[in-house]
Amino acid sequence: MARALELAERGLYTTTPNPRVGCVIINGGEVVGEGWHEKAGLPHAEINALAAAGMRSRGATAYVSLEPCVHQGRTGPCAKALLGAGVARVVAALQDPNPQVAGGGLAILRDKGVTVACGLLENEARELNIGFVSRMTRGRPWVRMKIAASLDGKTALNNGRSQWITGEAARRDGHHWRARACAILTGGGTVRDDDPRLTVRDVQTNRQPLRVVVDSKLETPPAAKILDGGGVLVAAAQEDKSKIAALRARGAEVIVMPNSAGKVELGELFRELARREVNEVHVEAGSRLNGSLLQEGQVDELLVYLAPGIIGDNARGMFHLPELTELGGRRQLRILDTRMIGPDIRVMARFA
């Protein structure tokens, strides 16, 4: 199963909106077939492994990192393919959270006399597909917020300048997280201050994530670099036909979804992204949007790079939040991982 998960990870940047899945087929104590899902529309992991195993699939055990599918999508159901190949035993790491499967694949195999088991390395399998699981079970993507800051928690000078707080190795590492995401989200203020492209550049990939700009007042300049090449969604809170037309002329899609405060309704934006089959959202924004996302409970995970330097009180912080008068009101975090990335410290954390 560990090998199946290793194979699944090869599709880390390419399988969206499908899950990352690997499969290993064992017969007589020997690996006779391996496969992984490479891209939506291409054969699933089980099909590739069965093709590699050929006739040696008969009587074999298939280890697959996600329950075999039972529904007809872009490709045929994998559960039926395993049955047709004569596989005698199937071990899945994680039950498929897709309501179209949700235990049905294992049930069909069991009903036809195949020995089935589920739960081996389940946590590892869930982590690999945490965005897919989130979309299927919560109707919203997994939201990971990336922040680069000084050791005193400052993300930019008071004038908005932030390039570069962290080192080259940390920036390169950040591109890996961009590459695995389905969408990269930022705010209109970041677009105006930094004029970023928000594309994946330091990782070999043939897919660029959707870029999403939260811009309540439609202040994104039509000449902004982020609009180059299309693939941009602008979420606004007001109708302004001339500004919308200018952005659409640059290839952007504009949706208007205001809340009662005249800002973008963030919860609805993430539900809309889920409807567009977005599994993981990678946030790279300024302190105001970061604070709004945090206050509205829209952030699942923090990815923070801390540089060995101090900027000072007047610089911009990580989150623009109301003042607390009691420590009991702070948001508690659970640290998942800390490591050095070049001279910088990378901290991964989730809300407790």
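Here is a short walk through the cores, the cysteines and one buried arginine of this structure. The model is predicted, so local features need pLDDT of at least 70 and side-chain atom pairs count only at pLDDT 80 or more, while totals for chains, interfaces and linings use all residues. Residues are numbered from 1 along each chain as its sequence is written, and side-chain values use heavy atoms, leaving out hydrogens and water.

Let's start inside. In soluble globular proteins, nonpolar side chains tend to be buried together. Here the largest nonpolar core (buried Ala, Val, Leu, Ile, Met, Phe, Trp, Tyr and Cys residues joined through side-chain atoms within 4.5 Å) has 39 residues, and those with the most contacts inside it include Cys 23, Val 87 and Leu 109. Among the elements giving it two or more residues are β1 (22-27), α3 (78-84) and α5 (122-128); helices (H or I, at least four residues) and strands (E, at least two) are DSSP runs, numbered from the N terminus. A second, separate core of 32 residues includes Ala 183 and Leu 273.

On to the cysteines. There are zero disulfides (cysteine sulfur atoms within 2.5 Å) in the structure. For Cys 23, the nearest cysteine sulfur belongs to Cys 78, 8.5 Å away. Cys 23 is also buried, at 0% relative accessible area, where buried means under 20%, exposed over 50% and partly exposed in between (1.4 Å probe, protein chains only).

Finally, look at Arg 20, in the loop between α1 and β1. Arg 20 counts as buried at 7% relative accessibility. Its side chain makes a polar contact with the side chain of Glu 280 at 3.0 Å; such a contact is a pair of N or O atoms within 3.5 Å, where, within protein, one must be able to donate a hydrogen and the other to accept it, and residues adjacent in sequence count only if both atoms are side-chain atoms. The Arg 20 side chain also reaches the backbone oxygen of Leu 12 at 3.1 Å.
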